[in-house]
Amino acid sequence: GTPEKIAAAYQKLFIETHESSSFNEAERWGSGDVRVEKASTRVDGQKVQITTKYKVRESVEKPIFGLSIYSPGDIGLVDMNTYQLNKQTGDLNTGDLVEIVWEVPNIFTKGKYRVSVGCTNASFHKTYDQVPAATDFRITNETPTGGLIFPATKLQSYKVTRRKGAKSVK
């Protein structure tokens, strides 16, 4: 084939897709007014794409959809939702289907990551559905960085003790 087709085929070797539509019912919770129907992940060299599909079982006003990503050690790394991203979801009617595609930079280190997804009312006081292990993704190659955030850090002390007779470097 052409160089472009060969390059595209090579790149596809590093793309992983995972989909879930059956969830552990004992772990999920919420009123069920809006339910997660399917969650999937797609990983490539630059990004992790998470797609969630919901079905509205009872009409709701301005729901908030969100997700969390947990490390291989089950530590929360990423939390995001439509409210934080200033996405107005509008009112939803019984029978509506909602598909949301999230994109996160692929800055993860090697390992398996768990994705939790859910939906609440606009005030966060009523959970419609929360699926703690909706899907997952695996990173197989090391990335240039292992940090997800760079928190504000203070240097409390910097001290150099020189040995006697040492000359200062200019």
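Helices, as counted here, are DSSP runs of H or I with at least four residues, and strands are runs of E with at least two, numbered from the N terminus. The exercises below concern a predicted model.

**Exercise 1. Determine how many helices and strands the protein has, and in which pattern they follow one another.**

Solution. Counting the runs gives one helix and eight strands. Reading along the sequence then places the helix ahead of the strands, in the pattern α-β-β-β-β-β-β-β-β. As a further step, consider the contacts with a separation of 6 or more, of which 66% are between residues 24 or more positions apart.

**Exercise 2. Establish which strands pair with β7, in which sense, and how far β7 is enclosed.**

Solution. Begin with β4 (residues 64–70), which pairs with β7 in the antiparallel sense over seven bridges; within this pairing, G66 has G118 of β7 as its bridge partner. Turn next to β8, which is joined to β7 by nine bridges and also runs antiparallel to it, with K112 bridged to R138 in β8. The two strands β7 and β8 form a hairpin with six residues between them, and F124 in the turn has a positive phi of about 65 degrees. Finally, eight of the ten residues of β7 are buried, so this strand is largely enclosed by the rest of the structure. For the protein as a whole, buried residues make up 35% of the 170 residues.

**Exercise 3. Classify the ring pair of Y83 and F124, and state which parts of the chain the pair ties together.**

Solution. The structure holds five aromatic pairs, and in this one the centres lie 5.8 Å apart with 90 degrees between the planes. Since planes over 60 degrees apart count as edge-to-face, the pair of Y83 and F124 is edge-to-face. Y83 belongs to the loop between β5 (76–81) and β6 (97–105), and F124 to the loop between β7 (111–120) and β8 (127–139), so the pair ties together parts that are 41 residues apart in sequence. As to accessibility, Y83 is exposed at a relative accessible area of 54%, whereas F124, at 41%, counts as partly exposed.

**Exercise 4. Classify the ring pair of Y113 and F137, and decide whether its residues are buried or exposed.**

Solution. The ring centres of Y113 and F137 are 5.2 Å apart and the planes stand at 10 degrees, so the pair is stacked. This pair links Y113 in strand β7 with F137 in strand β8, 24 residues apart. Both Y113 and F137 are buried, and together with F108 they form one aromatic cluster.

Technical notes. Residues are numbered from 1 along each chain as its sequence is written. This is a predicted model: local features need pLDDT of at least 70, side-chain atom pairs count only at pLDDT 80 or more; totals for chains, interfaces and linings use all residues. Side-chain values use heavy atoms; hydrogens and water are left out. Buried means under 20% relative accessible area, exposed over 50%, partly exposed in between (1.4 Å probe, protein chains only). Contact means heavy atoms within 4.5 Å. Rings of Phe, Tyr and Trp (its six-membered ring) pair if their centres lie within 6.5 Å; planes under 30 degrees apart count as stacked, over 60 as edge-to-face and the rest as tilted. Two strands pair if DSSP finds at least two bridges between them.
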